[in-house]
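Here's a quick tour of a model for anyone who likes to see the geometry spelled out. Have a look at the chain first, then read on.

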Amino acid sequence: MSAPLSRNTLFLLGALLVLAFCLRLYRVGTYSIYFDEKSTLLISQSVALEGSNQRDVFGKPYFTPAEFWKPKTINDFIDANIRGDIGNSPAYYAVVWLWLKIFGLSDASLRMPSVIFSTLTVWLLFIFVRRHLQPGSRMGGSGSVGFSSLNSSSVDTLALLSAAVATIEPFFVSFSHVARNYSMSFFLTLLATHLFLLILERVRSPHLSRIEGPSLMLLYLAYGSIFVLALLSHYLTITVFLCHGLYALLYLRTGRAWLMLGTVAALGLGIVSLWFIFGGGKYTFYILEDQKNFYRNLALSNPTGNGYGLILPATLPNITRRAIPIFSDLLIVTNGLGNQLLGLRNSLPALGLGLAATVLMHRYYSFSKPPIWVCVAFPILLLAGLPFYTVTPIRLLVLSGAFPFIYLIGRFITDNTNANQKQVTTLLLLLTFIPTLFLLFMAWRSGHTYGITQRYSGFSFPYVCILVAMGLYQLPKIKRWFSLPIIAVLCIQAFHIIQLLGSIYADGPDKYPSFDKPRIANPFWTSAQRIKELYTPGDTVLYPNKERPIMSEKNDRTYSPVTLIDAQTVNIYLPKDAQYIQRVDPNEPDRIVLVKGNSGEKITIFDFQGHTYRYGD
């Protein structure tokens, strides 16, 4: 049983949670929604992209907001989910629908579930570390095996450090500003891993069920429920449960537990399969096949000028080039070093110097009084490349310093953990690498690199935060001639993280959801407000007709000869009982226009200027 939290620990945890919430809430509604978020908004209201379930609304010359907002059914939701997100994430869209129904519609409200789930991830990470790396952990067998220098106070420190890293992790902050399923799926998969380890703990120590916590059967039920919710929040969460299975293969030796976990998995997959048979998942694989062919053709014919970013054929060198930044950004201490790693002329010397410094630290790690030259050589090795690097020398210094820090993570595991805690660490490592490796494998199978992106393997980040916390915990315990240079490098990297957070708040182009220029406030919401202000009976609202590419005949092709997404998105923000006369102008690609009925005057409500203000369309 975990020891009670001290007052200081409670205070620090509370402060971290407040900071995490504030970092995620700041400017959450400042910038316009982009295409993926439009899909979230439309699906949550059971509005199918391009109106496949609104033929009676858009299939005639004119329509009104009241017609647009006619009551929807579960079949409308399914159709909207298929059209807007290949049937993925119905659990998330249900959460968004409920949230908006209670708290109303605005960009901040739309993104608020992501803020909350991201903040809860910080809290759950603290709980996770404190529970599963405690000295009395039963994860490895019937008792605590081997020596561990981690006492309850040390584990609390490690848990706080893990939560602190997650609090400022730019990836988490960035995606808390995005109305998509990612923050929810990160939280659910961490919760599933927590429940999985609790199950194994009960299996190996049955007497715990009589002492503390929920019963084993209740844990199986909770794990199965989260398994279903996670898969229905994002299909790629399956990679986390793959890691659970690999871990069980390595360490679980109880036949009854295997039977129960197998039953839970079978029942969970059976429930999810109903969505694939009768719900929005029935066209998922068909649409994925169309998208695979679409992007592969772009990779072969137009890899750079296609409008979707850099899409390369899935050769081993291309996959490697795309994977390096993904792996480097997993650790906050190597965040942003992907470009440096791709430039071999400078990165190889930086890596060599970092490796040499790490070997030196390993050789004299336990010496209380090493030779004087060692104390001098360690920082010199890290600094030696600065006069010779031809680009970004300070970033390459950080690259060199990352090697000794990663070594400290290994030292923490070997020096401070017993056999049981090392097994938990094995699971952390599986969860760190398997999701991204799965992405690389799928890219190779698909023939293009479009899907190699950080958000699709973001389930790894909570576990990487724990590994980083291990290195931070170890840092003050080593001799200062090693620790001080590493601390200096971490301070340089901290400045980079602060700059990156600033760029996220300024909607800069650095990474994650990025745009060439900062987005303006939501033009669809602004347009709706102007229409409400200026419209009088007899007026007509004209919406633009901007051609959209057809990636999948099943998913993208509809009955309408004109595109409807601009009209749909504006109508989301109009009063549900309004009788405004509206139509789509087939000859106007960019402007929303209000035509005054008494004079014929045309007032431009908004000009999207092609893709400039449509953001991702």
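## Surface and overall build

The chain exposes about 25,700 Å², and carbon and sulfur atoms supply 65% of that area; accessible areas come from the Shrake-Rupley method with a 1.4 Å probe, and for residues only the protein chains shown count as cover. Keep in mind that this is a predicted model, where local features need pLDDT of at least 70, side-chain atom pairs count only at pLDDT 80 or more, and totals for chains, interfaces and linings use all residues. Residues are numbered from 1 along each chain as its sequence is written, and side-chain values use heavy atoms, with hydrogens and water left out.

Of the 617 residues, 57% count as buried, where buried means under 20% relative accessible area, exposed over 50%, and partly exposed in between (1.4 Å probe, protein chains only). The secondary structure comes to 26 helices and 4 strands; helices (H or I, at least four residues) and strands (E, at least two) are DSSP runs, numbered from the N terminus. The radius of gyration is 27 Å, close to the 25 Å that the globule rule gives for 617 residues, so the chain is as compact as a globular protein of that length. That radius is taken over C-alpha atoms, and the globule rule is 2.2 Å times the number of residues to the power 0.38. Along the principal axes, the C-alpha atoms fill a box of roughly 90 × 65 × 50 Å.

What about contacts across the sequence? Among contacts between residues at least 6 apart in sequence, 80% join residues at least 24 apart, a contact being heavy atoms within 4.5 Å.

## One helix, two strands

Helix H15 (residues 284-301) makes a handy ruler check. At 1.5 Å a residue, its 18 residues should span 26 Å, and the end C-alpha atoms are indeed 26 Å apart; the expected span is 1.5 Å times one less than the number of residues. Buried residues in H15 include Thr284, Ile287, Gln291, Phe294, Tyr295 and Leu298. An α-helix has 3.6 residues a turn, so residues three or four places apart point the same way.

Over to the strands: E1 (residues 540-543) and E2 run parallel, joined by 4 bridges, and strands pair if DSSP finds at least two bridges between them. Leucine 542 stands opposite arginine 583 in E2. Which residues make up the covered face of E2 (residues 581-584)? Gln582 and Val584 do, while Ile581 and Arg583 sit on the uncovered one. In a regular strand the side chains alternate between the two faces of the sheet.

## Salt bridges

A search of the whole structure turns up 16 salt bridges, each defined as a side-chain nitrogen of Lys or Arg within 4 Å of a carboxyl oxygen of Asp or Glu. Here are three of them, with the distance between the closest N and O atoms.

| Acid | Base | Closest N and O atoms |
|---|---|---|
| Aspartate 79 | Arginine 83 | 3.7 Å |
| Glutamate 201 | Arginine 131 | 2.2 Å |
| Aspartate 507 | Arginine 519 | 2.8 Å |

Arginine 131 in helix H7 (residues 107-132) and glutamate 201 in helix H10 (residues 182-204) link distant parts of the chain, 70 residues apart. Arginine 131 is buried at 13% relative accessible area, and glutamate 201 is buried too, at 2%.

Aspartate 507 and arginine 519 both lie in the loop between helix H23 (480-505) and helix H24 (523-534), so their pairing ties together parts that are 12 residues apart in sequence. Aspartate 507 counts as buried at 5% relative accessibility, as does arginine 519 at 11%. Salt bridges that share partners join Glu37, Arg111, Asp507 and Arg519 into one network.

## Around helix H5, and a stop at H26

Aspartate 79 and arginine 83 are 4 residues apart in helix H5 (residues 74-85), which means about one helical turn separates them. Aspartate 79 is buried with a relative accessible area of 19%, and arginine 83 with 13%.

Alanine 80 is in H5 as well, buried at 0% relative accessibility. Leaving aside neighbours within four places in sequence, alanine 80 is in contact with Ile43, Ser46, Val47, Ala48 and Asp85. Its C-alpha atom is separated by 8.8 Å from that of serine 39, 41 residues apart along the chain.

Finally, threonine 569 lies in helix H26 (residues 565-572) and counts as buried at 1% relative accessibility. Not counting residues up to four places away in sequence, threonine 569 touches Ile33, Lys38 and Phe524.
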